[in-house]
Amino acid sequence: MCEKKRIDILREEVVIPKEVQQKADAAFEQILAKPGAGKLLRLRQRQRRRAAAAAVAAVLALSTVAAGAAYLEWNKGLEKDFAVTEEQKGKAESTRLAGFPNLSAEDKGIVVTAQQSIVDNYYGYLAFKVEGFTKGKGREPGFNELSIKVDGKDISHTCELYGKEKMNKVNEDGSFECRIMLYGDDGKGTLKDKQIDVRFSDLGVVTEKAGAAEDVVNGEWAFSWQLSGSDEIYTAEVDEKLGSSGAAVTRAEVSPISIKAVYDFPARTVKEEAFDETSGEVYETDMLDEPPLLIGVRLKDGTLVTDTQGGAMGYTDGGKRVYEECFAMGKILDVEEVESLLFVKKIPEEERELTEEDMFVVKVR
């Protein structure tokens, strides 16, 4: 994707700026080494002020559909993460944003069930339930291998495991949830209506030792189905300079769970502080400058939605001037209610969340 780097931004709400560095550092531990590998490796540290801004959470107000309809059973984790109402569920189901494969595979007494998907033009979420892993009660589970292919091609993804009470714990009954975020590596339409193949292998317990999981139940749990997905999108051509940053927004896209901005931003280098982990030395170096970070949207009623997740950013013309940022959202957007895109103008010195005064607001309708 032309020099683009994937980042997995924290979902939990943070305070600016006191706790930012620890949470930003933890976020970048989640970067994928290569598409489809299912392994998480450390990426070169990026500007913490950007990760901090992208981690800010806001309350989302969404539109409604007709009440009284019957809804399918949503995965509890996705339902909680996306804070969906019954009306929003109905719209997600009718537009095929939400899909329910309900496929199960059993090996060595462990049952894995593919429960739900949420897919739009650029990104997707999958939810699986794992039952019967008695070895991992109260401990952190982990699969030694996770392979995901879409239309036969490996696809970038991140994976998180949850228990009822705490992240990365197995419940007393031997169950836990596996939630996966899919990246549309090949651009718009990578996921929707495509065949997906998911294979989990060898479930064990993660310990402090580096490497593969231990106390492993050797097995394989494989799934194949056709993803659903919503192709709803709002596109706007704009020409809005972002202060004195040298960047101008030229195009905006809003989908139910993703936002995208295209900038006119001639490439240039700036002086940045870097840290040498071996020597502990802080030094100054030339870095490629970045435009103000796309952080969320403002709705017509004034609500700010800044719950961005992972995404991609970078030049698409060989590093000259066309720069794109595309991020998944942790909330379902009513596309017709989005009025503006939000970009980070500054991070406040004091401990508080970002407000509209800290952002560039670019109207898209």
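## A first look at Asp193 and Lys192

Asp193 is partly exposed, with a relative accessible area of 30%. Here buried means under 20% relative accessible area, exposed means over 50%, and partly exposed lies in between, using a 1.4 Å probe and protein chains only. Its neighbour in this story, Lys192, is buried at 18%. The side chains of Asp193 and Lys192 meet in a salt bridge, with N and O 2.5 Å apart. A salt bridge is a side-chain nitrogen of Lys or Arg within 4 Å of a carboxyl oxygen of Asp or Glu.

## How to read the model

This is a predicted model, in which local features need pLDDT of at least 70 and side-chain atom pairs count only at pLDDT 80 or more, while totals for chains, interfaces and linings use all residues. Residues are numbered from 1 along each chain as its sequence is written, and side-chain values use heavy atoms, with hydrogens and water left out.

## A network of charges

Side chains of opposite charge can pair when their charged atoms come close. A search of the whole structure finds 28 salt bridges. One network of salt bridges links Lys76, Glu79, Glu86 and Lys89.

Within this network, Lys76 and Glu79 meet at 3.9 Å, N to O. Both sit in helix 3 (residues 76-82), and because they are three residues apart, about one helical turn separates them. Helices (H or I, at least four residues) and strands (E, at least two) are DSSP runs, numbered from the N terminus. Lys76 counts as exposed, at 54% relative accessibility. Glu79 also forms a salt bridge with Lys89, and here the closest N and O atoms are 2.6 Å apart. That pair links distant parts of the chain, ten residues apart, with Lys89 in helix 4 (residues 86-94) and Glu79 in helix 3. Lys89 is buried, with a relative accessible area of 6%.

## Strand 9 and its partners

Is strand 9 (residues 176-183) enclosed or open? Eight of its eight residues are buried, so strand 9 is largely enclosed by the rest of the structure. Phe176, Cys178, Ile180 and Leu182 point one way from the strand, whereas Glu177, Arg179, Met181 and Tyr183 point the other way.

Strand 9 runs antiparallel to strand 5 (residues 123-131), and eight bridges join them. Two strands pair if DSSP finds at least two bridges between them. In this pairing, Tyr123 stands opposite Tyr183. Strand 8 (residues 157-162) is also antiparallel to strand 9, joined by six bridges, and there Cys159 stands opposite Ile180.

## Two cysteines without a bond

A disulfide is a covalent bond between the sulfur atoms of two cysteines. The rule used here asks for a pair of cysteine sulfur atoms within 2.5 Å, and by this rule the count comes to zero. Why is Cys159 not bonded to Cys178? Cys178 holds the closest cysteine sulfur to that of Cys159, but the 3.3 Å between them is too far for a bond. Cys159 is partly exposed, at 22% relative accessible area, whereas Cys178 is buried, at 0%.

## An open sheet of four strands

Strands of a sheet pair through backbone hydrogen bonds, either parallel or antiparallel. In this structure, an open sheet of four strands has the order 7-6-10-11, with antiparallel pairing. Strand 7 (153-154) and strand 11 (214-226) stand at the edges with a single partner strand each, so one side of each is left without a neighbour in the sheet.

Strand 6 (residues 141-150) and strand 10 (residues 195-205) pair over nine bridges in the antiparallel sense. Ile148 has Val198 as its bridge partner in strand 10.
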